[in-house]
Amino acid sequence: MYSTTHARAALIRGNPAGGSAHIRAQGVSVTLGGHPVLTDVDVTVSATSRLAIVGENGRGKTTLLHVLAGLLEPDSGTVVRSGSIALAEQALDVGRGETVGSLVELAIADSRRALADLDAETEALAQEHPGAADAYADALERASALDAWDADRRVDVALAGLRACTDRDRELSTLSVGQRYRVRLACVLGARPDLMLLDEPTNHLDAAGLDFLTARLREHPGGFVVVTHDRALLRDVARSFLDLDPSEDGRPRLYAGGYDGWVEGRRADRARWEQDFAHQRTEHERLVQAAADARSRLRTGWRPDKGTGKHQRATRAGGVVQAVNRRQEKLEVHAVTVPEPPLELSWPTVGTRSGRPVVTCSDVTVAGRLPQDVSLELSGGDRLLLTGPNGSGKSTLLAVLAGMLEPTTGHRVQHTGARIAVLSQEVPDWPTGVSAHGLFERHVGAREAAGVRGRTSLSSLGLLDRRALAAPVERMSQGQQRRLHLALCLADEPDLLVLDEPTNHLSPRLVDEMTEALRTTHSAVVVATHDRQLLRDLREWPRLELSVG
């Protein structure tokens with residue numbers, strides 16, 4: 001159960017322990033709402049840890065952070081903690097009258113106490129109290145370990161670096177969700193606890209804030225655990241990865257070697273998993289066939305030629321029955337114990353011809369939304385990376401390209417028969433009460449009624465498992481809805497695929513798979529994104545930079 005302690009009271013917990021600080025979780029399992037969320041998790045966080053916790057949405061990443069921080073007691077297993085621990089959650093509830101300053105004071109309370117204790121022991125030493133020298137030495141060591149004299153400055157630097165509110169009298173309730181998050185993250189970074197637990201720390205940060213966060217994590221003298229979908233941050237700061245996604249034995253996997261070590265380790269594990277599963281399934285099918293063949297022989301194959309004596313027929317019958325029994329026993333003993341490997345993205349093959357014109361825009365603008373006139377022509381196989389600050393009109397230009405918005409000036413021509421699909425930032429307004437599979441079938445049916453036929457089925461794409469396929473769309477997670485939206489786009493087998501912030505709500509694993517597919521598809525592809533790692537991965541693509549005003 002969750003602790004009744006207010007979440008802000010857990011901003012910094014525990015006494016500093018320096019290099020001996022640690023969190024050790026063993027055999028941790030958690031069930032929420034009747035569903036297992038974590039099963040038999042072992043993980044140790046030390047003063048030198050640079051650990052990323054990864055996995056699809058719903059795998060228990062945030063739950064595990066809460067267990068490590070002490071906000072949630074596991075149903076089974078143990079957690080041992082030593083040192084000062086800070087947790088920066090995704091949301092921050094605030095009470096009446098709480099200010100930026102009160103949150104700062106909570107974060108640096110240890111430093112305040114250490115300095116007050118040092119002042120008191122200094123006074124006691126001056127007055128030559130008994131034992132004052134030892135007490136002064138202890139107080140000085142504690143203040144030095146915390147670098148307590150610099151605590152205020154560190155928080156101020158962090159507030160400025162994250163573009164957070166620096167007015168300590170400002171009430172938190174008057175700040176936006178993003179502003180409140182940046183204040184709290186700055187407090188955690190500035191307090192410099194032994195161990196930091198960060199849940200989606202890149203949310204609400206601009207480019208400068210991301211750079212500041214990355215630098216601070218690299219310089220942090222203690223350990224940290226990060227949960228994030230930001231692949232650039234994972235590549236830049238994480239040295240080990242705890243993967244909560246399904247594995248062959250059902251337990252989480254720990255990978256060393258940074259991001260590349262995680263990717264390669266996961267790939268090798270999956271290859272072994274698929275091999276083991278295929279071997280067991282093949283052996284099971286062989287035993288099923290052997291048992292069927294034995295039963296067939298029992299019905300017909302043992303009967304001797306006409307005129308053979310009854311004794312000989314009975315003797316042969318007994319041997320065949322025994323053979324059937326042996327085959328059946330082997331079949332019953334053999335079980336497929338390896339679970340079926342999880343889905344993997346399978347990008348459909350499209351028939352778009354390289355160089356075939358798809359859409360042409362000439363000097364297009366949209367009043368109040370796309371002030372910069374844009375001219376471009378896209379043909380099969382073309383690639384385009386669309387960048388620019390917020391408000392520069394990236395999403396507007398994508399809508400014009402897709403034919404969803406008429407330009408105010410200029411002209412757009414979509415060439416005959418060209419198919420265009422758009423993955424927008426937000427999922428469409430789908431009807432409620434319809435399953436993912438039902439919605440997909442409606443979409444395909446509507447296209448067939450319009451005379452457009454395709455070959456792509458929802459199950460063939462590897463985007464949604466059986467449970468998600470049957471779920472009403474309104475009950476799906478954001479990640480599942482995003483996967484369904486991508487599936488609908490791929491079902492169109494488009495000549496032009498338009499992607500607006502395509503990595504939103506998708507796991508790093510799926511984004512890596514999608515990025516590889518985008519490089520090789522025959523479709524023309526236009527991507528608008530702020531995702532730093534995607535920009536790195538697609539840096540060889542032609543780029544169109546839009547500006548504001």
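**Exercise 1. Find where Leu461 sits and work out whether Leu461 is buried or exposed.**

Start with the place along the chain: Leu461 belongs to the loop that runs between α12 (436-449) and α13 (466-470). Keep in mind as you go that this is a predicted model.

Next, check the accessibility. Leu461 has a relative accessible area of 1%. Buried means under 20%, so Leu461 is buried.

Now look for partners from elsewhere in the sequence. Ser346 is 115 residues away along the chain, yet its C-alpha atom and that of Leu461 are separated by 4.8 Å. Leaving aside neighbours within four places in sequence, Leu461 is in contact with Glu344, Leu345, Ser346, Pro348, Thr456, Ala487 and Leu490.

**Exercise 2. Do the same for Ala256: which loop holds Ala256, and is Ala256 buried or exposed?**

Step one is the loop, and for Ala256 that's the one between β10 (253-255) and α9 (258-301).

Step two is the accessibility. The relative accessible area of Ala256 is 59%. The cut-off for exposed is over 50%, so Ala256 is exposed.

Step three is the surroundings. The C-alpha atoms of Ala256 and Ser240 are separated by 4.4 Å, with their positions 16 residues apart along the chain. If you don't count residues up to four places away in sequence, Ala256 touches Arg239, Ser240, Gly261 and Trp262.

**Exercise 3. Place Thr202 and list what Thr202 touches.**

Thr202 lies in a loop too, between β7 (195-199) and α7 (207-219). Its relative accessibility is 12%, so Thr202 counts as buried. Not counting residues up to four places away in sequence, Thr202 touches Leu210, Leu213, Thr228, Asp230 and Leu233.

**Exercise 4. Describe how α2 packs against α6.**

What do you need for this? Two packed helices are described by the angle between their axes and the distance between the axes.

First, pick out the helices: α2 covers residues 100-107 and α6 covers residues 177-191. Their axes come within 9 Å and cross at roughly 30 degrees. Angles under 35 degrees count as roughly parallel, so α2 is roughly parallel to α6. The crossing of these two helices is right-handed.

Then find the residues that make the contact. From α2 come Val100, Leu103, Val104 and Ala107, and from α6 come Val183, Arg184, Cys187 and Ala191. Sorted by class, the contact of α2 with α6 has seven nonpolar, no polar and one charged residues.

**Exercise 5. Repeat the analysis for α5 and α6.**

Helix α5 spans residues 151-161, and its axis and that of α6 come within 8 Å, crossing at roughly 140 degrees. That makes α5 oblique to α6. The crossing of α5 and α6 is right-handed.

On the α5 side, the contact is made by Ala151, Arg154, Val155, Ala158 and Leu159; on the α6 side, by Val183, Ala186, Leu189, Gly190 and Ala191. The residues of this contact divide into eight nonpolar, one polar and one charged.

**Exercise 6. Step back: how many helices, strands and disulfides are there?**

Count the elements, and you get 16 helices and 18 strands in the chain. For disulfides, a search of the whole structure finds zero. Two cysteines to look up are Cys165, buried with a relative accessible area of 15%, and Cys361, which counts as buried at 2% relative accessibility.

Finally, take the chain as a whole. Of its 549 residues, 48% count as buried. Among contacts between residues at least 6 apart in sequence, 73% join residues at least 24 apart.

How values were computed:
Residues numbered from 1 in each chain as written. Predicted model: local features only at pLDDT ≥ 70, side-chain atom pairs only at ≥ 80, totals over all residues. Heavy atoms only, no water. Helix = DSSP H or I, 4+ residues; strand = E, 2+ residues; numbered from the N terminus. Buried < 20%, exposed > 50% of the residue type's maximum accessible area, 1.4 Å probe, protein only. Contact = heavy atoms within 4.5 Å. Disulfide = S-S within 2.5 Å. Axes fitted to C-alpha atoms, helices over the stretch in contact; angles between N-to-C directions. Parallel < 35°, antiparallel > 145°, perpendicular 65-115°, else oblique. Left-handed = near helix turned anticlockwise from the far one by under 90°. Nonpolar A, V, L, I, M, F, W, Y, C, P; charged D, E, K, R; others polar.
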